[in-house]
Amino acid sequence: MAATRWRAAGQVLVVLLLVGAPLPLALWLLPDSRDLEDTALAHELLVYPSVLVAGTLFYVSWRVHQTATVGWLAAAVTLVGAQGLGSAAVRVSRPAGVAEHASWHLAIDIALYLGLILVTAVAARRALPVDPLAAGLLTGLGLTALRVGVLRLPGGDSRDTELALSAVLFVIALLLAAMVLRMASTPAWVRVRVATAVTVLAVSHVLTPPAPVHFAGIDLVAVALTVTGGVLLATTGFDLLRENLDRQRGAVRGLREQVEHLEAGVRVDRARLHEIHATLAGIAHASRLLHDGVLPAQARRGELERMIDLEMSRLQRLMGGRERREVQEVALDELLSPLVVVHRARGRVIHWEPSGQRACCRPDDLTTVVNILLENVAQHAASDAHLEVRRSGDRVEVRVRDRGPGIEQGMEARLFHWGDRGVASRGQGIGLSVASRLMAEQDGRICVEQDGPTGTTFVVTVPAAGNASGVGFAEGADDRAIP
């Protein structure tokens with residue numbers, strides 16, 4: 001909160017210096033212009049550009065976050081800045097003519113504020129049908145042209161008429177400020193600042209020469225009010241733009257998080273479909289062999305039937321969503337035997353000998369990983385596969401080796417990244433990413449070894465039985481956390 005207050009104070013100080021500094025500078029550099037009446041007139045030429053800047057900031061806020069009331073505010077503030085600048089230019093260039101037609105100029109000011117009241121009433125009901133910045137600038141130029149035009153009319157207004165019109169203008173300005181405070185669709189702090197700026201600018205405009213009211217120091221009061229109104233509008237436009245940009249960044253950040261969540265969900269679904277597809281392919285081929293009665297020599301009927309039962313059970317678990325199963329001790333021969341049977345039944349050459357090793361792992365996940373590696377050998381290496389299980393210290397290694405062309409140059413670092421694949425690959429870049437994630441979730445690892453220009457060995461390691469760390473699913477783990 002303290003930092004916010006200091007930042008706001010610094011912002012006001014900077015704008016105040018930019019808007020108010022020209023007055024003492026002009027008095028110092030131009031001693032002959034120390035007439036405060038002339039200086040007050042000239043200072044409007046320096047202050048109202050800041051109101052135009054405020055209108056531009058409101059306009060950018062509207063472009064960022066297209067709220068109907070902000071669009072109307074952008075048009076209104078731009079209009080006030082453009083016509084105020086035009087009015088000041090007319091007063092400086094034709095002071096005698098403006099003095100003779102003061103009532104006409106007050107009448108134009110009254111028409112302006114009545115128009116702003118109409119804008120405030122409409123803003124809550126409908127969006128501005130035209131570009132706010134263009135509408136404000138064109139209307140302001142039109143009012144300036146009207147002020148120049150009335151100088152050709154007969155002059156000689158009475159002081160009483162000017163006083164009456166000034167009072168009417170002040171009352172209308174208060175009514176406009178009250179209506180701005182009731183714009184419910186606009187932040188309260190914006191309404192308060194704009195309403196205050198409307199009031200002080202109206203008063204300063206009435207007090208700026210030629211004014212129907214005269215008292216000591218009136219010129220300094222007019223300058224001070226003009227600067228205050230300009231500072232209020234400029235800082236309000238800046239703060240509103242910053243708030244809308246923060247809101248926009250928050251919305252973009254929220255959308256990005258939603259997209260990332262959806263992408264993670266899609267990855268989970270694609271990974272599961274990848275596993276289901278491979279499992280179904282094996283079941284379908286084994287079923288067809290059993291139905292046709294034509295079995296490879298190395299595949300006995302009982303082994304195929306047992307494999308189908310085991311794969312159907314695993315398929316049901318995959319279809320129902322991955323359960324958070326605990327790490328358990330398994331006999332790797334019993335786990336790998338159905339896989340070897342189904343791949344051999346599909347006509348693939350798998351070299352494997354039972355090892356008698358036991359490990360601690362999640363059975364379905366390790367089966368999926370080995371199945372992915374054997375599928376990769378068949379699809380990408382186009383060679384026979386060597387499946388070997390051996391003990392290495394307190395861990396068990398499951399090694400899958402092929403005699404294929406090896407890994408493409410430059411793919412080594414990205415081999416386990418989701419969607420990355422070699423130029424010649426016909427896969428989707430999913431399998432190895434899934435394998436890496438499944439092993440990481442159960443205190444396991446997967447890596448690749450490549451000796452020479454051909455042949456690749458994937459090494460899957462899991463804790464050996466009796467040496468497991470007891471790591472299952474991490475607390476709060478989520479299947480959607482796929483790297």
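## An aromatic pair across the chain

In this predicted model, Phe458 is a buried residue, with a relative accessible area of 10%. The ring of Phe458 pairs with that of Phe416, and because the ring centres lie 6.4 Å apart with the planes at 85°, the pair is edge-to-face. Phe416 is likewise buried, at a relative accessible area of 19%, which is under the 20% that marks the limit for a buried residue.

The pair links distant parts of the chain, since its two members are 42 residues apart. Phe458 belongs to strand S7 (residues 456-463), whereas Phe416 sits in the loop between strand S5 (395-402) and helix H14 (431-440).

## An aromatic pair within one helix

The structure holds two aromatic pairs, and Tyr59 and Trp62 form one that is tilted, with 5.8 Å from centre to centre and 35° between the planes. Both Tyr59 and Trp62 lie in helix H3 (residues 36-64), where they are three residues apart, or about one turn of the helix. Tyr59 counts as buried, with a relative accessibility of 14%, and Trp62 is buried as well, with a relative accessible area of 12%.

## Nonpolar cores

The largest nonpolar core has 45 residues, and those with the most contacts inside it are Phe58, Tyr113, Leu116, Leu176, Val194 and Leu233. Among the elements that give two or more residues to this core are H3, helix H6 (102-123), helix H8 (159-181) and helix H10 (218-292), while H4 gives the most, with nine residues.

Leu233 offers a closer view of how residues meet in this part of the model: leaving aside its neighbours within four places in sequence, Leu233 is in contact with Val51, Ala54, Phe58, Val77, Val194, Ala197 and Leu201. Two of these partners, Phe58 and Val194, are themselves listed with Leu233 among the residues that have the most contacts inside the largest core. There is also a second, separate core of 40 residues, which includes Leu336, Ile430, Ala435 and Val460.

## Cysteines

A disulfide is a covalent bond between the sulfur atoms of two cysteines. In this model the count of disulfides comes to zero. Cys360 is in no disulfide, and the nearest cysteine sulfur, that of Cys361, is 7.6 Å away; for a disulfide, the two sulfur atoms would have to lie within 2.5 Å.

The surroundings of the cysteines can also be described by their accessibility. Cys360 counts as buried, at 9% relative accessibility, whereas Cys447 is partly exposed, with a relative accessible area of 36%.

How values were computed:
Residues numbered from 1 in each chain as written. Predicted model: local features only at pLDDT ≥ 70, side-chain atom pairs only at ≥ 80, totals over all residues. Heavy atoms only, no water. Phe/Tyr/Trp six-rings, centres within 6.5 Å; stacked < 30°, edge-to-face > 60°. Helix = DSSP H or I, 4+ residues; strand = E, 2+ residues; numbered from the N terminus. Buried < 20%, exposed > 50% of the residue type's maximum accessible area, 1.4 Å probe, protein only. Core = buried A, V, L, I, M, F, W, Y, C linked by side-chain atoms within 4.5 Å. Contact = heavy atoms within 4.5 Å.
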